[in-house]
Amino acid sequence: MRSSKFLIATVKETPADAEVISHQLMLRAGMIRKVAAGVYNWLPMGLRTLKKVEKVVREEMDRTGSQEVLLPAVQPAELWQQSGRWEMYGGELLRLQDRHDRDFCFGPTHEEVITTLIGNEIRSYKQLPASFYQIQTKFRDERRPRFGVMRAREFLMKDAYSFHRDQESLQESYDQMFTAYSTVFTRLGLHFRPVEADTGSIGGSGSHEFHVLAQSGEDAIATCDKHDYAANVELAVAAQIGGERAAPSEQLSKQDTPGQKTIAAICDYLKAPVEKTIKTLLVKGAEVDAVALVLRGDHELNELKAEKHPLVAAPLQWLDEDEVMQAVGCGVGSIGTVNIPIPVIADRSAANISDFICGANEDDVHYTGVNWGRDCPEPESFDLRSVKQGDLCSRAGDVDLGEQGDEDRLKIMRGIEVGHIFQLGTKYSEPLNANYLDQNGKATTMIMGTYGIGISRIVAAAIEQNYDDRGIIWPTNMAPFELVITPIGYHKSELIKRTCDRLYAAFSDLGIEVLLDDRNERPGIMFADADLIGIPHRLVVGEKSLANGKLEYKERSADEAKEFDAEDVVDLLAARITAAR
């Protein structure tokens, strides 16, 4: 491709509304342009990269034996009502009506459509297992779209669906997809981690997310390399430190704590370590008005874990100030476990401490020396808290306090979710009547899996991992062009023009995706554009170097340029580029 025939829409200034580096660089490199909040045009430069990602994903999906289909973007409400998601999905579902006032939605995902399709087409157990995928535009009406295409409302996604006779077959396909996803992200040159994850609005029994590791990531993930453990903090579990709870050594004592409402304030006022405090949080119950959730003072409630408890209403709902006063007779900062008149669920760590400090269910009053079983009933123990940096990995085994090493502890990293796989079971096939006839001719419900990759999000995530102060540094398999030829004096020197045209033809004939920058621009502008766009390899053709039989070569990620013999440069660079694919 010649630059004079290609839309190079680079800009020097960083747009004011671009918060993260990928959004800034995609706008500056002329890859995307905003149409509306969370909706973008993809310019030719951006589309080339998007197609590169799409190509790798399609190749790996085909390798699993999945069949490509194309499903409608606009879906009838009846299917979503039948699955129960029409109301459950919430405001992110873009609802619309046709001229006959019939309800539709713009699909954020396609479980309902594919389940109905396959339920009508597959009749016999002999046709299972079967997997299908598509690469198509989705729309989720995000409340706050941000970060460019990383959290857009309209986006390109690969979604796949598998259908099975039994759980064993589903597990085989799930493991196969896990491997395929890992291969996709490896081929694209990304530093990633698969992590155990919550199933969220998709539902089902088990799932894994695939995260590109980057400081700008919205998700926190807990990892332990020694024990090969990684999980989203929404799901991650820390090990319970071994040993029995210490016996009481203090007497229960009531202390005036005027104006002390927070854990930090209480610790400072009573000169106590935070590990000896507990906090009691009130939420709405599934069958009662209020439930008390108890955590150690230095731990934070994990709402997803809490709402999995059968006594807790889901989604989790906090009591307001009036409801707290009605339930326990005090304000939020003074709630405690002694004589509390509602059910109590304690996090495992909170249930394992003795002689602790808690509110007295009286404003401006706290108890010290509180002990479970003596001063308040033994609580139900449940994993309620979010893990934090330095917690012991749950796979470290039974380790007593003080015996674990740093390698046994969790690290909290930031990640950008680019893929998610789910074991759905019969969540959709049962309500949508996706059945097959088994060996005995009996109608049996299919078991399903679903597997998604954010094609457009991968582009942004790759930039978050690969950039410098000059622009993008693309992994070779994602770069819009593999090589740029930059002439010095293309429109002034017949020798330069002839040499560049010859090189351009030679590289093109070898299947190298080459951009010949034949614009009538200053060298500095051409160099800056090539670096901003992130083309991995640059070949500079100038009269001085040609006179010595040399050409200047620079890899995008290198600090210094090199000189190659002009007669060898095509073979050398072709071999280097091909090897990096």
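In this predicted model, helix α11 passes helix α14 in a right-handed crossing. The axes of α11, which covers residues 494–509, and of α14, which covers residues 569–580, come within 11 Å and cross at roughly 40 degrees, and the two helices are therefore oblique to each other. On the α11 side the residues that meet the partner helix are Leu503, Ala506 and Phe507, while Val569, Val570, Leu573 and Ala574 stand on the α14 side. Sorted by class, the residues of this contact come to 7 nonpolar, with no polar and no charged ones.

With that pair in view, one can step back to the whole chain. Its secondary structure comes to 14 helices and 30 strands, and along the principal axes the C-alpha trace spans about 95 × 65 × 50 Å. Of the 581 residues in the chain, 53% are buried. Among contacts between residues at least 6 apart in sequence, 68% join residues that are at least 24 apart. A single pair can also be followed through the chain: Ala351 and Pro44 are 307 residues apart in sequence, and their C-alpha atoms are 59 Å apart in space.

The next stop is helix α1, made of residues 21–28, of which 7 of the 8 are buried, so that this helix is largely enclosed by the rest of the structure. The buried residues in α1 are Ser22, His23, Gln24, Leu25, Met26, Leu27 and Arg28. They pack against the strands β1 (32–36), β2 (39–42), β24 (467–468) and β25 (471–472), and also against the helices α10 (455–465) and α12 (523–533). After α1 comes Gly30, whose phi is positive, near 70 degrees.

Helix α10, one of the partners of α1, also crosses helix α2, and the axes of α2 and α10 come within 9 Å at an angle of roughly 115 degrees. This crossing, in which α2 passes α10, is right-handed. From α2 the contact draws on Thr49, Leu50, Val53, Glu54 and Val57, which meet Ile455, Ser456, Ile458 and Val459 of α10. By class, this contact of α2 with α10 has 6 nonpolar, 2 polar and 1 charged residues.

Helix α2, which runs over residues 44–63, has a further partner in helix α6, residues 167–187, and here the axes come within 10 Å and cross at roughly 150 degrees. The two helices are therefore roughly antiparallel to each other, and their crossing is right-handed. The contact is built from Val56, Val57, Glu59, Glu60, Met61 and Arg63 on α2, together with Met177, Ala180, Tyr181, Thr183, Val184 and Arg187 on α6. Its residues divide into 7 nonpolar, 1 polar and 4 charged. Val57 belongs to the contact of α2 with α6 and also to the contact of α2 with α10.

From the helices the path leads to individual residues, beginning with Gln75, which sits in strand β4, residues 74–76. Gln75 is buried, with a relative accessible area of 0%, and a polar contact of 3.2 Å joins its side chain to that of His110. Apart from neighbours within four places in sequence, the residues in contact with Gln75 are Trp80, Phe104, Cys105, Gly107, Thr109, His110 and Val113.

Ala351, already met above, lies in the loop between β16 (344–347) and β17 (356–359), and with a relative accessible area of 13% this residue is buried. If residues up to four places away in sequence are not counted, Ala351 touches Arg245, Ala346, Trp372, Pro379 and Ser381.

Some details of the backbone complete the tour. A cis peptide bond, with omega about 5 degrees, joins Leu128 and Pro129, and Pro129 is found in the loop between α5 (111–121) and β7 (130–139). Another cis peptide bond joins Ala314 and Pro315, with omega about 0 degrees, and Pro315 has its place in the loop between α8 (303–306) and α9 (321–328). Asp228, although it is not a glycine, has a positive phi of about 50 degrees; Asp228 is found in the loop between β11 (219–224) and β12 (229–232), and at 59% relative accessibility it counts as exposed. Asp364, likewise not a glycine, has a positive phi of about 65 degrees. This residue lies in the loop between β17 and β18 (365–370), where, at 28% relative accessibility, Asp364 counts as partly exposed.

Terms used. Residues are numbered from 1 along each chain as its sequence is written. This is a predicted model: local features need pLDDT of at least 70, side-chain atom pairs count only at pLDDT 80 or more; totals for chains, interfaces and linings use all residues. Side-chain values use heavy atoms; hydrogens and water are left out. Axes are lines fitted to C-alpha atoms, for helices over the stretch in contact, and angles run from 0 to 180 degrees between N-to-C directions. Helices (H or I, at least four residues) and strands (E, at least two) are DSSP runs, numbered from the N terminus. Angles under 35 degrees count as roughly parallel, over 145 as roughly antiparallel, 65 to 115 as roughly perpendicular and the rest as oblique. A crossing is left-handed if the near helix is turned anticlockwise from the far one by less than a right angle, and right-handed if clockwise. Contact means heavy atoms within 4.5 Å. Ala, Val, Leu, Ile, Met, Phe, Trp, Tyr, Cys and Pro count as nonpolar, Asp, Glu, Lys and Arg as charged, and the others, Gly among them, as polar. Buried means under 20% relative accessible area, exposed over 50%, partly exposed in between (1.4 Å probe, protein chains only). A polar contact is a pair of N or O atoms within 3.5 Å; within protein, one must be able to donate a hydrogen and the other to accept it, and residues adjacent in sequence count only if both atoms are side-chain atoms.
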